[in-house]
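Hello,

Here is the structure you asked to look at. My notes follow below it.

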Amino acid sequence: MDKNKKKKVIGVSCLVLGTAFIGLNAVSKKKKPDSIYDNDPDQKNELEGKRVVFIEDENCKENADGVRGYLKEIGESNYNPTFYDKYVKRSIDVILSFGGLVVLSPVMATIAFAIKMEDPGPVLFTQKRMGQNKQYFKLHKFRSMKMNTPHDVPTHQLENPDQYITKVGKFIRAHSLDELPQIWDIFIGNMSVIGPRPGLWNQDLLTAERDKYNANDIKPGLTGWAQINGRDELEIPVKAKLDGEYVKNESLLFDMKCFLGTVSKIGHDDSVVEGGTGEMSKNVGRDYTCDKSHEGLIGNVGFGEAVSVDVEKRIKVLIVGKGSYIGESFKNYAIKNYNSNFEIDEVDTMSPDWKDIDFRKYDIVYHVAGIAHADVGNVSNEIKEKYYQINTDLAIEVAEKAKNDGVKEFVFMSSMIVYGDSAPYGTVKIIDKNTIPNPANFYGDSKLQADVAVRDLADDNFKVIVLRPPMIYGKGSKGNYPLLAKLAKISPVFPDIENQRSMLHIDNLCEFLCQIMLVDVKQNATVLIPQNREWTKTSDMVKEIANVSNKKTIVTKLLNPSVYIAHKIPGKISGLIDKAFGNNCYDLELSEYEGINYQKLSLKESINSVEGMVEVNKLMPNKYVLIIASVASMIDQFNMANIKILQELGYGVDVACNFENGSTCSLDRVELLKKKLNQINVNCYQIDFTRDVTNISLDKKAYNQLKDIVIKNNYLFMHCHSPIGGVIGRLVAHETNTKVMYTAHGFHFFKGAPIKNWILYYPIEKFLSKWTDWLITINNEDYNLACDKFCAKNIIKIPGVGVDINKFKNTIYDPSLRKTLGLNDDDFVLISVGELNENKNHMTIIKAIHSLNNAKIKYIIVGIGPLREELNQMVHDYGLENQIIFLGYRDDVPKLLKICNAFCFPSKREGLGLAAIEAMASGLPLITSNVHGINDYSKNGLTGFSYDPSDYGGFAKGIEILMNDYALCEKISINNITASEKYNLLNVNAIMKGIYIEISNSLE
C-alpha cells in the first residue's frame, strides 16, 4: 500500500472512530442520570455521602450477606479524590472502555441476538449496585435468566436456581461473557477498570466494613486488590480490608500491579468459585503411572502389523456401562450392520450386582463406564476422589475380573484427554506416536491411570486394547458439539479462524469397534487412536451445520481481530476462545491401520447424519471432478489436500495417473496411496502416461484411455497436473467439451532455459492455453509470462501447493539420528532432497565439496532416480565415499532436516521447489541456484546464498561462509522460519478452496 493510500485509510479510520466516540459520549451523557436513578428519586440511597456502621438486629430481614441488621449513619463522608483518581484514572478508563466497546461489539451483538431468540425480552439485565460514595447505580449484564426470575436476589439464594437460567445464559455465565456490558458502565463513569468489586445495594455488612477503610469512596471496578488476593473465598472483613489497602495505595503503578496480578491469577486461582484449572490435588489420585518409562506411558500404538477382519467370526461381547451413549450406540450399530457376528449383553455398574455376573461366557468385555468430562474447576477433593473411584478403580476391577474369569480380550475406552488440554488459539498441537501422555487435570489423570493399569494386566491369554479417541459426536451426544450446533443455528455471523481438531463421529467409532473385535490381535497390549479421516476446522463445521439446518450464517475473517483480542483477555474469556478455536490433533497416520477401513463418513456426511436433515445414504455426490497427473507421486505429494477440499464441497473425486511407473517414491508408497484413496472413496484409474514427450505411441494410448474414462463418467471439470498430464488432459477436455483447469508446476521454458525447451514446450503451451479454462501458476516468472503471452480464460497465481510448515518447524532435533548416519558432532552437514535426475543437479554440490577438500563437510542426498549409479561413480572418482551419504527414499525428512546445517538446492529448473521451503521451515540456511521459481523466495544474503546452477565454485564459497559463521546461520534461520509462512499449506488450501468454489458457482 502506498503512502497516500495509507494516509487515506488512517484518516478514514480516525474519522470513523472519532464519530463513534462523539456519538457514544453523547449517549452516555443522556443515559447517565437514569443509570444513577436521578429520574427515580425513590430508588436513590438515603445514605449516599454518609459514613455508616452495621447494627445487628434479629428483627430485620436477612440481607444479601446472609445476616440480619441495618446500616446506621454516623457522619458525613469527607473523601477528596486525588488528581490521579479524578483525571488520570478516568482518562484511562475512557480509552480502554471505548476500545473494548468497539472491538467486542460483534461478540456482544451475537450474544444479544442469541438471548433474544431463546427468551424474548430485554437483552440486558440491570441490577442495583453500590457505587462511588454509596451512590446506587444500575450495573449492566447480559440477561442470563428467564424473565420471571426474582430481581435483586443472588443466584445462590434462589430456590432451585437452575430452573431460571436459560440455555444461552448458562453458556455465557460459564465463560463470564455476561459481564461484558460492564464495559459500558465504565465508559459512562459508574465504574472503573480497577477498584473494589461493586456490592449489591443490600449487602449491608460489606458496605459497613468497607466504610472502615474508605473503600466506598472510590468507583467500583472490574477487578481489584482483593480479587487477586483471594476473591470469593475471603471473609467479608478481610475482603474489605484489602479494598482499603487499595484505596490507600491507589496510583498508576498500583493499578498496573492489580491488572498484572489479575492476568496471572485468573485462570489458575483456586479461590475463584466460578472457575479454575482443576489442577490435580497432591493428596488425591492414584500412582499406576509412577516409575513408568515414556514408552510405558505411550504404549504400543497400532497393531504392529497388517491385520485381517474375520467376517465369519461370531463373538459374545459384554458392555460394562449400560445405558451409556457410546455403549448403546455400539450395540445398535452392531445389531444393524454386523448382526451375524455379535451377541451383545450389557451390565450396569451402579449396582454391586455386576460382580456376581459370570464373565466366562464372553469373548470380549468392552468397558465404557465412567464419569464424562465435566467442569474441572474449583471442585472438592471428594469429587476428585469420585472420578478416580469410577474412572480408575472400577475400570481396573472390571479388567481384573475379566482376566480371572478367562475372558480373552478387554477393550477400554480411554480418551485424548490423557495428552492434556487443547493447545491455545494460534498454537499448533499435533499428537504423534512419540507424544507422551501428560494430563492437565484430575479427570485426564484418572483416565490415564486406568489406561496404564489395564495394559499392565495384559498377557498371552488376556489381550487388552485401549482406545484414546478425540471428541466423539453424533445424534444425541453430549458435550461441546451440541453447544456449537445450537450456536451455528442462531448466530448470523461467525469468525473464520484457521484451526484444526481431531473428531470422531459415533458411526465411525462403532464401525471401528466392530472391525477390531473381529481381528485376531497378536500384541498383548495395544493402543488404538481412531478419528475421522480429516481434521475439523471450527468455522467450517459451524457453516456446514447452518447449511444443513437451512440457516444463514456468514463466516467472515472480519471478526478475527475480535477473537484475537478476546484471546488476550485473561480468565474464562480466553479459555472460551481456546476451547472453540484452539488446536488439538492426532497425526492422521496414527489412525490408519492396514486391514481396517472404518472412516465411512466424512465431516459433511456426519453433520448431515447428526442434524437429521438428510439421510446419509442419499449423500452420494452426483457431480464428479477428475484429477489428472502423469505419475502417482504427484497425487501423493501435491493433490491430497485438493481431493479433501473438493469432497468437502460435495464433489466426488476420481484420480487418473500412472500408478505403475515413473513415480519418485517407492512402489510400497504408491500401494499405500491407492489404499488411502480407496478408503476415502476416490476411484483410481491407471493411465499409461510416459514422462518422455517424444513417445508418441504411448502418448496416444494414454489419450485414448483418458478419453474413454471422461466420456464414461461425464465429469463436471478436470484438474490436470504435470506437462504430459496437462497436455493430454486438455486435449481430451477439448474433444469431450469438458471444462479444464491446469496447474503448471513450473514451465520448462524460462529465463536461462535451454533453447530446445523454448522450441518444444513453449508453442505447445501457447496453443493449449486457448483450450484452458483456468491456468494456475506457482511462481512470479510463469505468471507474468502467462498473462503476457497466453490466452487462457483465467490465469491465477498461488504460492505453490503448500507446505505443512508446523510439521517441519516443530520437529525435535534427534542427536541419535546423526550417530546412526555416522555423523560426528563437529561435522558440517549439508542435505538435498529430490529425485536423482539431471535437473536436480546434485553433481554441482559434489564438485563443490571436492573442491573444498574438508573432511568435516558431509552431504546427505535423499531421493531415488535414474542418475544414482552415475552419482555413485562420481563420488568414487572424487574419493568422497566417507562424505557423501545416499539415503534413497525416506519418510522422515523433517527429522533429517533438523540434524543438518544447511540445505543445498542447485536445480536447473524449479516451478517453486517445496523441498527448499520445507528446509526454510526447519530453520536451515539455503544454498540454491538462482533460477526460475526458486527466485521467489531464495534471496542472496537473506535466506542464504544463490548462484548459477553450474557455478560449483560459488556453491563452495557459500558452503564455506556458512560453515565459518555460526551467527550468520542463526540470523538466517530465524528469517527463513518466518519467510516460509507465506507457503503454509493452510493458506494455500484456503486459496484453492476459493478457486474451486468460484469454479463451482460459474458452472452451476
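**Strand E27 and its neighbours**

Ile857, Tyr859 and Ile861 point one way from strand E27, while Lys858, Ile860 and Val862 point the other way, and all of them are buried. In general, side chains in a regular strand alternate between the two faces of the sheet. Please keep in mind that this is a predicted model.

E27 covers residues 857-862 and is mostly covered, with six of its six residues buried. Lys858 is on that buried list along with Ile860 and Val862.

Which strands does E27 pair with? One is strand E26 (residues 828-833), which pairs with E27 in the parallel sense over six bridges. Another is strand E28 (residues 884-888), which runs parallel to E27 and is joined to it by four bridges. Isoleucine 861 has a partner in each: serine 832 stands opposite isoleucine 861, and in E28 its bridge partner is phenylalanine 886.

The connections between these strands are helical. E26, helix H28 (residues 842-852) and E27 make a right-handed β-α-β unit. E27, helix H29 (residues 868-878) and E28 make a right-handed β-α-β unit as well.

**The six-stranded sheet**

Elsewhere in the sequence there is an open sheet of six strands, in the order E8-E7-E9-E10-E12-E16, with parallel pairing. Its edge strands are E8 (342-347) and E16 (525-528), each of which pairs on one side only. From one strand to the next the twist averages 20 degrees.

Within this sheet, strand E10 (residues 409-413) and strand E12 (residues 463-467) pair in the parallel sense over five bridges. Glutamate 409 has lysine 463 in E12 as its bridge partner.

Two helices to look at here are H10 and H12. Helix H10 (residues 325-337) packs on the sheet and touches strand E7 (315-320), E8, strand E9 (364-367) and E10; the direction of H10 makes about 160 degrees with that of E8. Helix H12 (residues 442-456) also packs on the sheet, touching E10, E12 and E16, and its direction makes about 170 degrees with that of E10.

**Glycine 994**

Glycine 994 lies in helix H34 (residues 985-1003). Is glycine 994 buried, exposed or partly exposed? Its relative accessible area is 34%, so glycine 994 counts as partly exposed; the cut-offs are under 20% for buried and over 50% for exposed. From C-alpha to C-alpha, glycine 994 and histidine 842 are 38 Å apart in space, and they are 152 residues apart in sequence.

Regards

Key: Residues are numbered from 1 along each chain as its sequence is written. This is a predicted model: local features need pLDDT of at least 70, side-chain atom pairs count only at pLDDT 80 or more; totals for chains, interfaces and linings use all residues. Side-chain values use heavy atoms; hydrogens and water are left out. Two strands pair if DSSP finds at least two bridges between them. Axes are lines fitted to C-alpha atoms, for helices over the stretch in contact, and angles run from 0 to 180 degrees between N-to-C directions. Contact means heavy atoms within 4.5 Å. Buried means under 20% relative accessible area, exposed over 50%, partly exposed in between (1.4 Å probe, protein chains only). A crossover is right-handed if, with the strands pointing away from the viewer, the path from the first strand over the helix to the second runs clockwise.
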